[in-house]
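This report covers the surroundings of the ligands, the pockets and one residue in a loop. The structure comes first, and the description follows.

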Amino acid sequence: MKQKGWKELTPGAVITEPGNSVKFKTGSWRAFRPVWIEDNCIHCLFCWAYCPDMAVRVKDGKRIQFNYDACKGCGICALECPGKKGNKAIVMKEEGKQ
Ligand code: SF4
Ligand code: SF4
């Protein structure tokens with residue numbers, strides 16, 4: 001997306017285009033990346049409910065892979081994930097490392 005110069009901004013930076021947040025890829029802010037361990041997932045959807053950025057995708061009532069364009073790496077999903085028998089289904093890893 002093309003960046004605007006300050007002369008192009010609205011007075012007071014008033015937002016005149018509701019819903020424009022979909023254009024921002026908050027995933028570019030991320031320092032840590034949530035990694036889903038499917039074998040440990042019980043599809044409780046806590047991660048979907050708690051994620052502030054709607055970055056956990058769900059299909060047919062089952063959790064599927066993250067939308068990494070929207071995930072800013074806050075780690076709430078990993079904190080809230082109960083996993084299977086105490087084994088977390090989401091772990092946070094430093095971005096750029098395996
Ligand atoms: S919170 Fe954990 S166990 Fe529940 S759906 Fe998300 S990844 Fe799976
Ligand atoms: S790390 Fe934060 S933003 Fe990313 S999926 Fe988890 S709860 Fe959502």
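## Ligand 2

Ligand 2 is surrounded by 13 residues, and the closest of them are C51, C71, C74, G75 and C77. The model is a predicted one. By class, the shell around ligand 2 consists of 9 nonpolar, 2 polar and 2 charged residues.

One of the closest residues, C71, has a relative accessibility of 7% and is therefore buried, the limit being under 20%.

## Ligand 1

Around ligand 1 there are 14 residues, with C41, C44, L45, C47 and C81 as the closest. This shell divides into 11 nonpolar, 2 polar and 1 charged residues.

C44, one of the closest residues to ligand 1, has a relative accessible area of 33%. That value lies between the limits of 20% and 50%, so C44 counts as partly exposed.

## Disulfides

Cysteines appear among the closest residues of ligand 1 and also among those of ligand 2. How many disulfides does the model contain? The count is 0, with a disulfide taken as a pair of cysteine sulfur atoms within 2.5 Å.

## Pockets

Rolling a probe the size of a water molecule over the atoms shows where empty space is left. The largest pocket has a volume of about 520 Å³. Its lining comprises 15 residues, and those nearest the centre are K4, L9, E17, N20 and F24. Sorted by class, the lining of the largest pocket holds 6 nonpolar, 4 polar and 5 charged residues.

The second largest pocket encloses about 240 Å³ of space. S21, V22, K23, F24, K25, T26, S28, W29 and A70 form its lining. Of these residues, 4 are nonpolar, 3 polar and 2 charged. F24 is listed for the second largest pocket and is also among the residues nearest the centre of the largest pocket.

## A89

Where in the chain does A89 lie? A89 is in the loop that runs between α2 (76-80) and β4 (90-94). Is A89 buried or exposed? Its relative accessibility is 2%, which is under 20%, so A89 counts as buried.

Leaving aside residues up to four places away in sequence, A89 touches V35, W36, I37, N40, C41, C81 and G83. Two of these contacts, C41 and C81, are also listed among the closest residues to ligand 1. I15 is 74 residues from A89 along the chain, and the C-alpha atoms of the two are separated by 38 Å.

Key: Residues numbered from 1 in each chain as written. Chains lettered and ligands numbered in written order. Predicted model: local features only at pLDDT ≥ 70, side-chain atom pairs only at ≥ 80, totals over all residues. Heavy atoms only, no water. 1 Å grid on protein atoms, 1.4 Å probe; cavity = no way out; pocket = protein on both sides within 12 Å on 5 of 7 lines; lining within 4 Å. Points joined across faces, edges and corners; volume = space filled by probe spheres on them. Nonpolar A, V, L, I, M, F, W, Y, C, P; charged D, E, K, R; others polar. Near = heavy atom within 4 Å. Buried < 20%, exposed > 50% of the residue type's maximum accessible area, 1.4 Å probe, protein only. Helix = DSSP H or I, 4+ residues; strand = E, 2+ residues; numbered from the N terminus. Contact = heavy atoms within 4.5 Å.
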